[in-house]
Structures are given as structure tokens and as C-alpha cells.
Amino acid sequence: MIHLKIGNYTNKGDGLMLHAILERLQGKDELTLLPKVAEYKKRALLGLYQSFWFESLANPTNQLLTTTFPTKLRKKYGLVIEEEIDSVIDASGFAYGDQWGPRKIEQMANDCARWKKQGKKIVLLPQSLGTFKDEKVAEAFRKLLDNVELVFARDKSSYEFATSLNHHTNKIKQAPDFTGALKGKITDLYRPQPRQACIIPNHRMIDSTDDQIGPRYLPFLKECFDSFTDLGMDPFVLVHERVDYPVAEELQKLIGKPIDIVYDNDPLVLRGVISQCHIVVSSRFHGLISTLSQTVPCLGTRWSHKFERVMEEYKCQDFLVSPLDAPQEVRAKIEQLNEGETRQRVIDNIAATVEEHKRLNNTMWGEVEEILGLSK
């Protein structure tokens with residue numbers, strides 16, 4: 001039995017990571033996760049058990065509450081206690097670094113120490129890591145490293161941040177985001193026309209950037225929208241996370257006319273919509289991944305090292321843009337991706353990276369399955 005430590009299915013990045021894990025491991029072992037990750041109907045549909053313990057309670061209290069619950073009833077309702085877990089896969093995405101402070105990292109480090117004593121194998125799948133300038137954060141992550149089998153950094157910067165701790169560096173490897181091979185669902189939700197462009201906003205570009213970028217973000221999106229329109233690409237907005245819907249509505253007000261705003265709870269449906277686009281501008285990381293991994297040319301907004309690293313991996317670093325860039329510079333990049341030799345060269349580079357990432361992810365999964373005893 002494998003416990004999946006993952007965020008929340010309502011976050012599309014977490015949802016995509018969960019689907020990617022299921023695609024690879026379902027049928028090789030039974031999988032379980034905490035109820036908070038997804039509502040019951042979704043867990044049942046995906047064939048998942050539910051881990052029966054409480055993160056907010058100290059472990060002795062957890063054990064008292066969960067182990068005294070009748071085994072027959074637990075089995076009947078698909079409840080799995082900690083003692084029944086053989087291994088743990090962590091697909092947090094972005095949870096270990098100074099930005100989050102030490103508390104939750106210390107909690108995970110303590111969990112890992114306890115799980116290791118119980119003989120469980122623990123692996124962290126590719127995710128963003130660091131920075132570790134805060135000594136309490138660094139020390140908590142070192143303790144975590146003491147008790148896990150393997151940690152995969154998702155990009156070069158994350159790998160460098162993690163290995164700079166000079167602690168169990170042999171356990172730290174690099175592998176790309178593992179959601180790229182997922183197939184999107186083509187539905188009737190929204191069918192982009194040929195040569196239609198898409199904008200994927202992120203409210204964090206307004207509330208988590210500096211006092212120069214934040215105020216420029218909505219005008220920047222409007223300039224992209226106007227450029228797409230001028231070039232005959234009939235742009236629409238795809239809301240990758242529900243919390244970004246107000247940004248789409250504010251953009252519509254700024255444009256001054258109704259625009260198509262697309263959203264769905266299923267991340268695979270949104271991935272299917274993205275696959276049909278001509279060009280995408282994305283401020284969401286997994287929106288960027290869903291675009292590039294399906295060989296769709298993309299402009300990525302420059303505001304986090306993880307965006308920069310993934311654009312470098314796909315050899316698209318020339319198409320990183322910022323709300324502070326001159327509008328004519330951004331339009332020139334859109335024109336380059338619209339048609340001609342540059343567009344074809346970009347598509348060829350993306351396609352080559354897609355194949356390389358498939359190879360690297362297959363290697364990563366092979367190592368994970370061997371550690372968890374699933375490779376027989």
C-alpha cells in the first residue's frame with residue numbers, strides 16, 4: 001500500500017500529478033491518500049483508498065484514535081491506518097523552501113523519521129525545492145533527507161539549492177515534471193478554432209510580485225490580447241485555477257467587450273483545450289507544462305525561477321516575457337510564434353524536449369519502482 005502525499009485535487013497542478021501517478025502505478029500496488037486531497041466521489045472514481053489519520057494531531061493520539069477503530073469497519077469503508085502503509089510518495093510540487101517557513105517541513109521530517117523506523121520507503125517525486133537560506137528551514141530539510149530514499153528536483157535551480165546543503169547529496173537527483181505525458185480530454189467544453197490563441201492568467205502576478213509588475217499585469221494581458229486579435233487569432237482566456245477567475249473578469253472589463261472565458265474542474269479537460277491552441281501565453285506553471293509538453297508554442301511570464309528553468313529546458317528562453325517589457329517587444333515575439341521559420345524551429349525544439357523528458361521520466365519511474373519493490 002502506497003500513501004500519496006499531495007496537495008489538493010482542486011489545484012490543477014496537483015490534479016495533474018495525481019493523474020500521472022495513477023497512470024504509472026495503478027495496478028502495481030494499492031494507493032491511498034488523505035481525504036482532504038479530493039472529495040469522496042473523486043477518490044472513489046479514481047479507485048483510491050483513504051489514509052485514516054489526522055495531520056493536526058500528535059502521533060500517539062493519532063494511533064489511539066485510528067487503531068481502536070474496528071478493523072472490519074475500516075476494511076468495509078476503505079480506511080487505511082499508518083501501520084498498513086508500505087511506502088510513501090511525496091508529490092507536493094512546491095512545499096520545501098524558505099517561502100513556506102520551517103513548521104510544515106519539520107512536520108514532514110518528523111513523519112519521515114517515524115515512517116523510516118516502521119520500515120517504510122519514502123520518495124519525493126520531481127518538485128521545486130529551495131531556497132534554503134533560513135537555517136531552520138535548511139535544518140528541517142536535512143532531517144527529511146536523513147530518512148528518505150530518494151529526492152527528485154524538478155529543475156536545475158532546485159537541484160542546486162538542495163545539493164548546496166551538502167547533506168545526502170547522493171539521494172538528490174534531477175528529473176523533469178512528470179505530468180507531460182498525460183493525454184488531455186477532448187470534450188465539447190470549448191473547441192478552439194484553427195490559429196486561436198489562449199491566455200492563462202495567474203492572480204499571483206498581481207498580489208505576489210513587486211509594485212512595478214503587479215500594476216502592469218492586467219494592461220500587459222490586454223496588450224497580448226490585442227496583439228492576438230490584430231493577427232487574427234481570436235484569443236480566449238483559460239482559467240487554470242478557479243482563484244484566477246476574477247483576473248479574467250477584470251481583463252474582460254479592461255478590454256471593454258465580452259470575451260470567452262473557459263474553466264473546468266477536470267485538469268485533463270483543460271489540458272485537452274490547450275492542446276488545440278495555436279499559441280498560449282501562460283502565467284501558470286502547469287499551464288506552461290501542459291502547453292509545451294503538447295508541442296504548442298508558448299510565451300511564459302518571467303516571475304519565478306521555475307518558469308525560467310522550464311523554458312530553458314524546452315529551448316524557449318527567448319520567449320520569456322515580463323509585464324515590464326515594452327509592448328512592441330512582446331508583440332514581436334508573438335509575431336515570431338505565429339508563423340514562419342521561427343515558429344517551426346520552436347516547435348521542433350519543443351518536440352525534441354518532449355521526447356527527452358519522456359526518456360528521463362521513464363528512468364525516474366524505473367528507479368522509484370525499484371525502491372518501492374514494484375519492478376518485479
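A search for enclosed space in this predicted model turns up one cavity of 30 Å³ or more. Its volume is modest enough to state plainly: about 40 Å³ of space lies in this largest cavity. Trp53, Asn59, Asn62, Gln63, Thr66, Glu82 and Glu83 make up the lining. Sorted by type, the lining residues of the largest cavity come out as one nonpolar, four polar and two charged. As for how such space gets found, rolling a probe the size of a water molecule over the atoms shows where empty space is left.

Zooming out, the protein chain carries 15 helices and 15 strands. Along the principal axes, its C-alpha atoms fill a box of roughly 65 × 45 × 40 Å. The radius of gyration is 22 Å, and a compact globule of 376 residues would have one near 21 Å, so the two values agree. Buried residues account for 54% of the 376 residues in the protein chain. Contacts in the protein chain also reach across the sequence: of those between residues at least 6 apart, 69% join residues at least 24 apart.

Two helices give a closer look at burial. Helix α12, spanning residues 285-292, is mostly covered, with eight of its eight residues buried. Those buried residues of α12 are Phe285, His286, Gly287, Leu288, Ile289, Ser290, Thr291 and Leu292. In general, an α-helix has 3.6 residues a turn, so residues three or four places apart point the same way.

The other helix is α9, residues 213-230, which is where Ser227 sits. Ser227 has a relative accessibility of 6%, and therefore counts as buried, the cut-off being under 20%. What does Ser227 contact once its neighbours within four places in sequence are left aside? The partners are Arg331 and Ile334.

That leaves the cysteines. A disulfide is a covalent bond between the sulfur atoms of two cysteines. How many disulfides does the model hold? The count comes to zero. Cys298 is a case in point: Cys298 is in no disulfide, and the nearest cysteine sulfur, that of Cys316, is 7.8 Å away. The limit for calling a disulfide is a sulfur pair within 2.5 Å, so the Cys298 and Cys316 sulfurs do not qualify. Cys298 is also buried, because its relative accessible area is 2%. Cys112 is another buried residue, with a relative accessibility of 0%.

Terms used
Residues numbered from 1 in each chain as written. Predicted model: local features only at pLDDT ≥ 70, side-chain atom pairs only at ≥ 80, totals over all residues. Heavy atoms only, no water. Buried < 20%, exposed > 50% of the residue type's maximum accessible area, 1.4 Å probe, protein only. Helix = DSSP H or I, 4+ residues; strand = E, 2+ residues; numbered from the N terminus. 1 Å grid on protein atoms, 1.4 Å probe; cavity = no way out; pocket = protein on both sides within 12 Å on 5 of 7 lines; lining within 4 Å. Points joined across faces, edges and corners; volume = space filled by probe spheres on them. Nonpolar A, V, L, I, M, F, W, Y, C, P; charged D, E, K, R; others polar. Rg over C-alpha atoms; globule rule 2.2 N^0.38 Å. Contact = heavy atoms within 4.5 Å.
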